[in-house]
Amino acid sequence: MSKRGYAASKKLLTGLIGAPIAHSASPAMHERAAEALGLRGHYQLIEVAGADAAGLRMMLEGVRRLGFAGVNVTYPYKEAVVPLLDELAPGAASMGAVNTVVVRDGRLTGHNTDTTGFARAVAPLLAPAGNAVAVIGAGGVGKAIAFALASLKVSDIRIFDSEPARAAALVSLLAPRGGARIAASVEDALGGATGLVNGTPVGMLPNRGMPVTADLLHEKLWVADAVYSPLITPLLAAAQAKDARIMTGRELAIYQAADAFELFTGLAPSTEVMGEAFDEVMAARSSAYHAA
């Protein structure tokens, strides 16, 4: 929709499908961004655990009919929604994962702003040459991360997943871009690596696990985590203890949200405003957690 169209309507309905999502900072980010642009935005959390294809189809049909400009999609449905959409943007089609569904003229189009958001976030960590990055997890987020790294010309991407078939499928998808291989183990993925990215939910509250053991971390490694609840995950805390450079899930959360907002509205939101909203949510959550 054009800027004039949204300015005239002053209303913007968007949301998020996934489970669990009560912790999400997306409502605050999207609603604050809308307010800054003079819109009355509402971002609806649509939390349904264990939905099958029929259940997802029903939710998407509601999104199509109820006036949504679009919805985000998160764990565990980023891949499951793909065959239920009317069309896919080229990037989403290449990886078979969607985190943003745009509604236009009654049609649902899938995009992946995890890829564009992570590319924006991680670029400052990459060296001009010689990058070897271990990606843990080959699900929806792991796919987006791996495609983002490939778009940034990382020539050595090692994919490890607890389900080897998923890692093999992702490496196959990346084959036209070159430089990705299956890692037989976490140790294999990290051997000689310059970077590590956690693309799994491990470490997201209430889980306090780590996708790799602390002894594999060192000061010459940069470590990024897609999880942002908590902001400093057990993995990032262990990396800091080894004097490794870290990247929290903050930047990915903000940039993917900004790119999704622009797809929903045609308007570029302020990442500064979105960042302030994100920080307020995280500060309130931290206070509540420590008070409990």
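**Exercise 1.** Which residues does UniProt list for "domain: SDH C-terminal"? Describe the span in this predicted model.

*Solution.* The UniProt record, an unreviewed entry, gives residues 253-274 for this domain. In the model, 77% of that span is helix and 0% is strand. The C-alpha atoms at its two ends are 9 Å apart.

**Exercise 2.** Determine what span helix 10 should have, and compare that value with the model.

*Solution.* Begin with the extent of the element: helix 10 covers residues 250-265, which is 16 residues. Next, apply a rise of 1.5 Å a residue, which leads to an expected span of 22 Å. Finally, compare: the end C-alpha atoms lie 23 Å apart, in agreement with the expectation.

**Exercise 3.** Identify the buried residues of helix 10 and the residue that follows the helix.

*Solution.* Buried means under 20% relative accessible area. By this criterion, the buried residues in helix 10 include Leu252, Ala253, Ile254, Phe261 and Phe264. Gln256, Asp259 and Thr265 are also among them. After the helix comes glycine 266, with a positive phi near 80°.

**Exercise 4.** Establish the strand order of the six-stranded open sheet and locate its edges.

*Solution.* The order is 9-8-7-10-11-12, and the pairing is parallel. Strand 9 (180-182) and strand 12 (245-247) each have a single partner strand, so they form the edges, and one side of each lacks a neighbour in the sheet. From one strand to the next, the twist averages 20°. Within the sheet, strand 7 (residues 132-136) runs parallel to strand 10 (residues 195-198), and four bridges join them. Valine 135 lies opposite valine 197 of strand 10.

Methods:
Residues are numbered from 1 along each chain as its sequence is written. This is a predicted model: local features need pLDDT of at least 70, side-chain atom pairs count only at pLDDT 80 or more; totals for chains, interfaces and linings use all residues. Side-chain values use heavy atoms; hydrogens and water are left out. UniProt positions are given in the numbering used here, feature names are shortened, and annotations may be inferred rather than shown by experiment. The expected span of a helix is 1.5 Å times one less than its number of residues. Buried means under 20% relative accessible area, exposed over 50%, partly exposed in between (1.4 Å probe, protein chains only). Two strands pair if DSSP finds at least two bridges between them. Axes are lines fitted to C-alpha atoms, for helices over the stretch in contact, and angles run from 0 to 180 degrees between N-to-C directions.
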